[in-house]
Amino acid sequence: MQTSPADDLNALDDEAFRHVVRRWVAENYPPEIRNPPKRLHWRENKVWYLKLAEKGWLAPGWPREYGGMGLSAGKQLIMIEEFERFGCARTNDHGVVMVGPLLIRYGSEAQKRSFLPKILSGEHIWCQGYSEPNAGSDLAALRTEAVLDGDHWVINGQKTWTTLATDANWIFLLARTDKAAKKQEGISFFLVPMDAPGVTVRPIINLELHDEFCETFFDNVRVPKENLVGEVNKGWTMAKALLGFERIFLGSPRQSAYALIRLKRLAEHVGCADDPLFRDRYTRLRLDLADHRALYETHVAKLRRGEALGADVSMLKVHQSELFQRITDAMMEIAGEEGGLLEPIEGNRDLHPAGLFIQARPTSIYGGTNEIQRNILAKNVLDLPG
Ligand SMILES: Cc1cc2nc3c(=O)[nH]c(=O)nc-3n(C[C@H](O)[C@H](O)[C@H](O)COP(=O)(O)OP(=O)(O)OC[C@H]3O[C@@H](n4cnc5c(N)ncnc54)[C@H](O)[C@@H]3O)c2cc1C
């Protein structure tokens, strides 16, 4: 029997696997989008998505039978580390990372057959419709509703913060399907095409003048009954089941490591690299990053052993986002006038203190705010009263 490339990869030891990934990325990643200063749009990162798709490397965690690589958690993390090390852009990955795994676990056979291949081919690009005005941290307070009318669900409401909605042709969303039930129990999970009549997307321009996220409106949007995933009123449990991996992804040291290198380069550029006060601050941040890497490694080691992550993974996200913010604070303090530029410093394409500073702000908000992560730690790790 002929062995496929993915079987070969699974059989490799970690170091050999890392080497294979590193070499392929170096040979195939488009150099012009290495270390992009902001989140790229589909038109900019499509080429990388399609290269991964063609290689069969788009969905490392999906089982082989659905077109994934079926890699162990440890090997998936090695891939992420190698992509980050090389400065690969994040793709439009909501399909691969969020809705795909959800369909694999809870979707009907027909949904799997119809949707999964289109994620892998890049035909369907997804966005996530969870948050609403007044339903962010308290997501179960969401008010978008879906009412059954014959063979269709009719959806009305508004979502906000929909990342890269203008690039997406499908959205997965949570909507209330039973107003009388307890908050968490009357919510269902839907798959909605963005070109359905009644869907309107309005980009929100952020501080970097970038249209990364949007408001999305649903006005009598009709979707076939089959577009509900899992059981009616059980969407909450399904949507929450996927959050663990997101927390470890958001807790990775990559953003802080990237920023720390820029901090040193910026110090050299402005001429304060040998200043004792700067050296003291830089050294502290370096040690904080080393601490963070050690913390991250303890969680990664759990995944490698095949263990589930506990509530303490929230600590990673808090620590990473606050460290990233402290590093970018230091950048702004030494940058002088160049700290006010909306573009990178001339002649230094990847030195852009204001850009990194602005990017660091929402890291303590998205993926669940740090206050909420601290509540989780207080209640579930420290056993304090909720
Ligand atoms: C860049 C970015 C991209 C995003 N992308 C998406 C996306 O693609 N799809 C999507 O659905 N959502 C997305 N979000 C939304 C994100 O998940 C929410 O912003 C987040 O859950 C917080 O909700 P909120 O903004 O409504 O703030 P709120 O919940 O209103 O919170 C405001 C403040 O009050 C604090 N707070 C609230 N409740 C408590 C409590 N019980 N105890 C202590 N403090 C509390 C919060 O921590 C925060 O500091 C994105 C957000 C950002 C910033």
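**Exercise 1. Classify leucine 209 by accessibility and describe its backbone.**

Solution.
Step 1. Leucine 209 has a relative accessibility of 61%, so it counts as exposed. The cut-off for exposed is over 50%. The model is a predicted one.
Step 2. Locate the residue. Leucine 209 sits in the loop between strand S6 (199–204) and strand S7 (213–224).
Step 3. Check phi. For leucine 209 the angle is near 65°, a positive value in a residue other than glycine. Most residues other than glycine have a negative phi.

**Exercise 2. Which residues line the second largest pocket?**

Solution.
Step 1. List the lining: Pro37, Lys38, Glu208, Leu209, Leu342, Glu343, Pro344 and His352.
Step 2. Sort by class. Four are nonpolar, one is polar and three are charged.
Step 3. Add the volume. The second largest pocket has about 170 Å³.

**Exercise 3. Is aspartate 383 buried or exposed?**

Solution.
Step 1. The relative accessible area of aspartate 383 is 68%, so the residue is exposed.
Step 2. Aspartate 383 belongs to the segment after helix H13 (370–381).
Step 3. Phi of aspartate 383 is near 60°, a positive value in a residue other than glycine.

**Exercise 4. Describe how helices H2 and H4 cross.**

Solution.
Step 1. Take the axes of H2 (residues 14–28) and H4 (residues 73–86). They come within 10 Å and cross at roughly 35°.
Step 2. Assign the hand. The crossing of H2 and H4 is right-handed.
Step 3. Name the contact residues. H2 contributes Asp14, Phe17, Arg18, Val21, Arg22, Val25 and Ala26. H4 contributes Lys75, Ile78, Met79, Glu81, Glu82, Phe83, Arg85 and Phe86.
Step 4. Sort the contact residues of H2 with H4: eight nonpolar, no polar and seven charged.

How values were computed: Residues are numbered from 1 along each chain as its sequence is written. This is a predicted model: local features need pLDDT of at least 70, side-chain atom pairs count only at pLDDT 80 or more; totals for chains, interfaces and linings use all residues. Side-chain values use heavy atoms; hydrogens and water are left out. Axes are lines fitted to C-alpha atoms, for helices over the stretch in contact, and angles run from 0 to 180 degrees between N-to-C directions. Helices (H or I, at least four residues) and strands (E, at least two) are DSSP runs, numbered from the N terminus. A crossing is left-handed if the near helix is turned anticlockwise from the far one by less than a right angle, and right-handed if clockwise. Contact means heavy atoms within 4.5 Å. Ala, Val, Leu, Ile, Met, Phe, Trp, Tyr, Cys and Pro count as nonpolar, Asp, Glu, Lys and Arg as charged, and the others, Gly among them, as polar. On a 1 Å grid over the protein atoms alone, a cavity is a set of points where a 1.4 Å probe fits but cannot get out, and a pocket is an open set with protein on both sides within 12 Å along at least five of seven lines; lining residues have an atom within 4 Å of a point. Grid points are joined across faces, edges and corners, and a volume is the space filled by probe spheres set on the points. Buried means under 20% relative accessible area, exposed over 50%, partly exposed in between (1.4 Å probe, protein chains only).
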